[in-house]
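Please open the model in your viewer and keep the sequence panel beside it, since each stop below begins with a selection. The tour moves through charged pairs, aromatic rings and a stretch of surface.

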Amino acid sequence: MFVELQLSATLENIASFTAEGEDFRWYIKAKCSSCGEEPQHFIYVAADESTEVKGGRGTANLVVKCKMCNRENSISVVGGSVKAYTCETGQFQSVVRFECRGMEPTDFSPRAGWTATAADSGTLFTDVDLQEKEWCDYDEKEDREVGIYEVKSSFKSVKG
């Protein structure tokens, strides 16, 4: 099953923001597709980490054993699927695609590691922290505030 993480945000003088690097940690909550168990803590998936899947079924970026039914579930970031959020109208836009086996993402926590680009000056802001679901700074080139506000997330099942 393929699932896309979609974000919605209000941008103030920001053209785009994106997850920075292969080591970016996508913090999610996920439920077991087999028994429905959903732990209350966040786990992370990073494209630069790889774990063997039992039974010789290759590797995945995250392998988790369900505490209720003992099923081994996995999730991977699909290569080349990370995209910048560029929507000025606050609509949902896909920013990454996951391949999920036996688990389904239910919640997302944006946290740190984002990069934002100012709308007119092109000023690059690195290590943007969205843990509070908002961020603001000052663009000295344009002499004005910049910000990302009201960050919301959803997941959408898509065909491979």
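**Salt bridges**

Begin by selecting Arg101 and Glu99, whose side chains meet in a salt bridge with an N to O distance of 2.7 Å. Bear in mind, here and at every later stop, that this is a predicted model. Arg101 has a relative accessible area of 46% and is therefore partly exposed, and Glu99, at 26% relative accessibility, also counts as partly exposed.

The structure holds three salt bridges, so it is worth visiting the others in turn. Select Glu4 and Arg97 next: these two form a salt bridge in which the closest N and O atoms are 2.7 Å apart. Glu4 belongs to strand E1 (residues 2–12) and Arg97 to strand E9 (residues 93–101), and the pair links distant parts of the chain, 93 residues apart. Are the two partners of this bridge buried or exposed? Glu4 is buried, with a relative accessible area of 11%, and Arg97 counts as buried at 19% relative accessibility, a value to be read against the cut-off for buried, which is under 20%.

Now move to Asp120 and Arg144, which form a salt bridge with their closest N and O atoms 2.5 Å apart. Because Asp120 lies in the loop between E11 and E12 while Arg144 lies in strand E14 (residues 144–158), this pair ties together parts that are 24 residues apart in sequence. If you colour by accessibility, Asp120 should appear as exposed, with a relative accessible area of 55%, whereas Arg144 is partly exposed at 23%.

**Aromatic rings**

Hide the charged side chains and show the rings of Phe, Tyr and Trp, among which the count comes to nine aromatic pairs. Select Phe24 and Trp114 to see an edge-to-face pair, with 4.9 Å from centre to centre and 70° between the planes. Phe24 sits in the loop between strand E2 (14–19) and strand E3 (26–32) and Trp114 in strand E11 (residues 114–118), so the pair ties together parts that are 90 residues apart in sequence. Phe24 counts as buried at 4% relative accessibility, and Trp114 is buried as well, with a relative accessible area of 1%.

Then select Trp26 and Phe108, whose ring centres are 6.1 Å apart and whose planes stand at 40°, so the pair is tilted. With Trp26 in strand E3 and Phe108 in strand E10 (residues 103–109), this contact ties together parts that are 82 residues apart in sequence. Both Trp26 and Phe108 are buried.

To see how these rings belong together, extend the selection to Phe17, Phe24, Trp26, Tyr85, Phe98, Phe108 and Trp114, which form one aromatic cluster.

**A charged stretch of surface**

Switch to a surface view and select Asp127, Asp129, Glu132, Glu134 and Glu150, which gather in a patch of negative charge. Centre on Asp129, which is placed in the loop between strand E12 (124–128) and strand E13 (135–139) and counts as partly exposed at 37% relative accessibility.

Which other residue is placed in the loop between E12 and E13? Lys133 is found there, and at 36% relative accessibility it counts as partly exposed. As a last step, draw a C-alpha to C-alpha distance from Lys133 to Asn13: the two are 120 residues apart in sequence and 17 Å apart in space.

How values were computed: Residues numbered from 1 in each chain as written. Predicted model: local features only at pLDDT ≥ 70, side-chain atom pairs only at ≥ 80, totals over all residues. Heavy atoms only, no water. Patch = residues over 30% accessible without salt bridge, like charges linked within 9 Å, V, L, I, M, F, W, Y side chains within 5 Å. Areas by Shrake-Rupley, 256 points an atom, 1.4 Å probe, with all protein chains shown as cover. Salt bridge = Lys/Arg side-chain N within 4 Å of Asp/Glu carboxyl O. Lys, Arg positive; Asp, Glu negative; His and termini not counted. Charge placed at Lys NZ, Arg CZ, Asp CG, Glu CD. Helix = DSSP H or I, 4+ residues; strand = E, 2+ residues; numbered from the N terminus. Buried < 20%, exposed > 50% of the residue type's maximum accessible area, 1.4 Å probe, protein only. Phe/Tyr/Trp six-rings, centres within 6.5 Å; stacked < 30°, edge-to-face > 60°.
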